[in-house]
Amino acid sequence: MPQEGTCVSQTKDVKQAEQIKLRNDELDWAPRPTLGSADYASPEVWQDEREKIWWGDWVCVGRTEEIPRPGDHVVRDIAGESIFIVRNETGELRAFYNVCSHRGTKFLDDVGGTQTARKAFVCPYHAWTFNLNGELIGTPNVKESEQFDRSDYPLYDIAVDSYAGFMFVNMSGSPSRPLIDALSDGAETITAFERFRMDELRIGVRLVYEVAANWKIVVENYNECLHCPQVHPELVQVIPLFRFGEVWDEETKDDGNWMKEGASSFTPTGTSTLPPLPGLEPEDYTMYFGSYEFPNLMLNLHPDCVMYYVGYPKGPNHTTVVSEFLFRPETIAAPDFAPEPVVEFWDLISKQDWDVCERAQTGVSSRAFTRGVYPRQDRFLYWFNEEWRLKMGREPLG
């Protein structure tokens with residue numbers, strides 16, 4: 001089974017090549033097309049996405065800390081397929097379809113958090129029992145004389161791995177590449193932020209949003225700030241570059257952005273009582289970093305905490321977005337732990353985003369809309385669309 005915590009550093013060559021590409025684009029950028037209306041609204045495209053993207057490669061499903069002990073497990077809906085992730089008796093992560101191998105009964109209910117199975121799972125229909133490795137160990141009233149071999153009927157296994165405390169599953173049946181290769185594929189990668197020691201951080205706050213928009217609109221909104229001066233008047237006071245509709249100056253390392261002068265926390269005032277994360281680079285304590293991992297992890301790193309979104313699409317026009325805030329465990333345990341300034345600021349920004357995402361979904365679903373246009377400030381969206389085309393087996397536009 002895969003081991004947790006595999007590490008890799010992003011190569012300088014990839015970053016330098018990306019910066020050269022950006023500068024060249026600045027000289028010769030011409031307006032480029034968005035995806036088409038059907039790509040955001042069509043049930044047929046959604047069905048194709050399920051097979052090629054959500055069930056075809058690595059997808060984030062939460063944090064390893066959610067299942068700290070043997071028997072602890074969580075249930076997830078991945079594009080309409082119910083699965084669960086469990087920690088076995090030796091501490092390894094295992095993942096399975098939420099389907100009994102007897103007659104296909106849904107095994108577990110999603111209660112919205114961690115559950116504990118002790119040492120075995122019992123099907124609620126005929127009481128077939130499986131251990132934490134998915135092996136069938138109990139079949140009430142099935143006689144040995146029937147030549148029934150329990151080892152032939154385990155639960156349906158799914159590949160699972162982790163990095164920096166995040167759990168990922170691959171439902172393809174035979175992953176074409178290890179998780180670390182998927183995470184390192186491209187110029188933007190969470191592997192650039194090992195200094196934040198995210199595997200040591202813990203969830204202090206969780207918010208869940210139901211967004212009536214296609215998952216790609218949520219991702220595209222995250223990856224651009226052309227909307228920021230209009231939609232986020234509070235945010236652009238904290239990140240000055242965002243006033244100009246840009247998300248990166250193309251020079252600051254790790255795609256970072258400077259906060260306003262004197263700011264040391266991602267709050268409207270630039271301050272909070274949260275202690276800074278230890279061991280960062282000196283400039284990190286005055287910066288904000290964002291990093292996207294295809295298809296559903298959107299990471300935001302701050303001097304004193306980390307916030308991320310994990311998107312779970314429910315169809316072509318709905319996405320459940322889980323927003324969680326990570327802190328040092330000793331920070332959470334402190335009697336004066338006060339995350340509210342950061343959490344409330346992000347909650348405001350998130351709700352502003354979800355409103356315009358839902359408006360966008362309504363618009364792209366109109367019979368009048370065929371496709372839109374990307375100016376250069378939207379270049380990261382165009383590159384996301386190119387990656388999406390490749391995953392879908394389409395020709396990139398170049």
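**Exercise 1.** Determine whether R32 is buried or exposed in this predicted model.

*Solution.* Step 1: the relative accessible area of R32 is 17%. Step 2: the cut-off for a buried residue is under 20%. Step 3: R32 is therefore classed as buried. As to its setting, R32 belongs to strand β1, which covers residues 32-36. Between R32 and F384 the C-alpha separation is 13 Å, although their positions lie 352 residues apart in sequence.

**Exercise 2.** Establish which residues form salt bridges with E66, and where the partners lie.

*Solution.* Step 1: E66 pairs with R76, with 2.9 Å between the closest N and O atoms. E66 sits in the loop between β2 (58-63) and β3 (72-78), whereas R76 is in strand β3, ten residues away. Step 2: E66 also forms a salt bridge with R206, at 3.5 Å from N to O. Because R206 is in strand β12 (residues 202-211) and E66 in the loop between β2 and β3, this pair ties together parts 140 residues apart in sequence. Step 3: compare accessibility. E66 is buried at 9%, and R76 is buried as well; R206, at 40%, is partly exposed.

**Exercise 3.** Explain why helix α5 is described as largely enclosed by the rest of the structure.

*Solution.* Step 1: identify the helix, residues 215-222. Step 2: examine its residues; W215, K216, I217, V218, V219, E220, N221 and Y222 are buried. Step 3: eight of the eight residues are thus buried, so the helix is largely enclosed. At the start of α5, a side-chain oxygen of N214 comes within 2.8 Å of the backbone nitrogen of K216.

How values were computed
Residues are numbered from 1 along each chain as its sequence is written. This is a predicted model: local features need pLDDT of at least 70, side-chain atom pairs count only at pLDDT 80 or more; totals for chains, interfaces and linings use all residues. Side-chain values use heavy atoms; hydrogens and water are left out. Buried means under 20% relative accessible area, exposed over 50%, partly exposed in between (1.4 Å probe, protein chains only). Helices (H or I, at least four residues) and strands (E, at least two) are DSSP runs, numbered from the N terminus. A polar contact is a pair of N or O atoms within 3.5 Å; within protein, one must be able to donate a hydrogen and the other to accept it, and residues adjacent in sequence count only if both atoms are side-chain atoms. A salt bridge is a side-chain nitrogen of Lys or Arg within 4 Å of a carboxyl oxygen of Asp or Glu.
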